[in-house]
Protein chains: 2
Amino acid sequence: MARAGLSRDAVVDLALRIIDEEGGAALTLAAVAGRAGVATPSLYKHVRNLAELNTLVSVRVMDELADRLREAVLGRSGDEALRACMAAYRDYVTGNPGRYAAVIQAARPGQDDVAKAGGRVVDIMLATFRGYGLEGADALHAVRCLRSAVHGFAVLESGGAFGLPLDLDASYALLADMIISGLPSPARQR
Amino acid sequence: MARAGLSRDAVVDLALRIIDEEGGAALTLAAVAGRAGVATPSLYKHVRNLAELNTLVSVRVMDELADRLREAVLGRSGDEALRACMAAYRDYVTGNPGRYAAVIQAARPGQDDVAKAGGRVVDIMLATFRGYGLEGADALHAVRCLRSAVHGFAVLESGGAFGLPLDLDASYALLADMIISGLPSPARQR
DNA sequence: AGGCGTTGGCTAATGATAGTAGCTTTCAGG
DNA sequence: CCTGAAAGCTACTATCATTAGCCAACGCCT
């Protein structure tokens, strides 16, 4: 019998395809095995267990997101960079409805899953705030606020929590204004 | 054999106790049945299925949260009310680590779970913004931003995503400043 | 070419879980 | 007391994750 030629990465690819097409809830080892044309236990040759697969998927998604953010802020600075970063974040989440939701769903406290996977995202945000002259603790607080705002909006939007027929772009623009206007600007003043 | 005397509400109570003591992942019909001293299928007399139980739990939690918010803003207005509202939100989430996480985990897009359960929370926030003279679309956009910020922060904090040893209260205070400073204030200006 | 070890895949089996069907018992109200 | 609905129960099915242990394919090295 010819081998399926699976690999750790191939398994994650299949998992992502399932998430995209059927939603995060459909991500099961049986489903992955089905797509791979393989018996379920065979997957354990490539992945420790379902939890690890979830982690791998999360890391992949966060890396993808970080790439988008990096591209977005490239060559920009200040307000422009920040707005571009926020827009890219939302575009990624709404453009890949299942993927971001899967990361959230998979995030179990106690693991540093999210923390590790989100490291690059944090770095990009930090670099963006450096364009405002923010350094040290100020920058870190600002990153926390930005992440909260952007992540919260993304979660609520993709979860359908914003039910009213009111322009979402306008809401998001206001959110960006809030962050920018509330930013400490020590570099300019000192 | 004496009856256990269960009810829809009693089942939800047990579910909440499990969530508090063992985390949201431990919420299973078998676990609830065990605590109730009843066989698993008996629960179906009170609850349609696990999904419905999750919804009921979410509604209960959001109601509880709304109560806290209502108490917090009572007798306050403007910045003071807004800050109190935000503080109460975070206090609830950090004070009940499992509960809020369970709501997030249970939120499946496609259902209006979150939307319905969060209705009272939205109303309270709307009322708070009315203290700034915000009405109509402006107020609704502001509520979306507030929800995003506060929910995002809560999720990230309780998920351990803020790894650095940096004062969380200070970050949250900055978030509040951002929202307040970015608020449109038509009532004062017009 | 041939041998051999690693690796990837398989079958079989276990245990947890959600959910259904259908029977029985309790209990409250007439 | 009787009776019917509500609340339990047992038995059963189906789906998963996960483990154990077997076997075949592939690459490499002579």
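In this predicted model, helix 9 of chain B buries Ser171(B), Tyr172(B), Leu175(B), Ala176(B), Met178(B) and Ile179(B). These residues span an arc of only 160° around the axis, so they end up on the same side of helix 9 of chain B. That fits the usual geometry: an α-helix makes a turn every 3.6 residues, so positions three or four apart point the same way. The helix itself runs over residues 168-181, 14 residues in total, and stretches 20 Å from its first C-alpha to its last, close to the 20 Å expected at 1.5 Å a residue. As for what sits over the buried residues, the cover includes pieces of both chains: helix 8 (136-158) and helix 9 (168-182) from chain A, along with helix 4 (78-95) and helix 8 (136-158) from chain B.

Now to the contact between the two chains. Here, 41 residues of chain A touch 41 residues of chain B. On the chain A side, helix 5 (97-106), helix 6 (113-117), helix 8 and helix 9 are the elements giving two or more residues. Helix 8 of chain A brings the largest share, 14 residues. Sorted by class, this side of chain A holds 23 nonpolar, 13 polar and five charged residues.

Then there is the DNA. Strand C is surrounded by 21 residues, and the closest are Ala4(A), Ala39(A), Leu29(B), Pro41(B) and Asn49(B). Within chain B, helix 2 (29-36) and helix 3 (50-73) each put at least two residues into the surface near DNA strand C. That surface breaks down into 13 nonpolar, five polar and three charged residues.

Technical notes:
Residues are numbered from 1 along each chain as its sequence is written. Chains are lettered from A and ligands numbered from 1 in the order in which they are written. This is a predicted model: local features need pLDDT of at least 70, side-chain atom pairs count only at pLDDT 80 or more; totals for chains, interfaces and linings use all residues. A residue is near a molecule or strand if its C-beta atom, placed from the backbone, lies within 6 Å of it. Helices (H or I, at least four residues) and strands (E, at least two) are DSSP runs, numbered from the N terminus. Ala, Val, Leu, Ile, Met, Phe, Trp, Tyr, Cys and Pro count as nonpolar, Asp, Glu, Lys and Arg as charged, and the others, Gly among them, as polar. The expected span of a helix is 1.5 Å times one less than its number of residues. A residue is buried if 20 or more other C-beta atoms lie within 10 Å of its own, exposed if 12 or fewer, and partly exposed in between; C-beta atoms are placed from the backbone. The arc is that of the directions from the helix axis to the C-beta atoms. Two residues are in contact if their C-beta atoms, placed from the backbone, lie within 7 Å.
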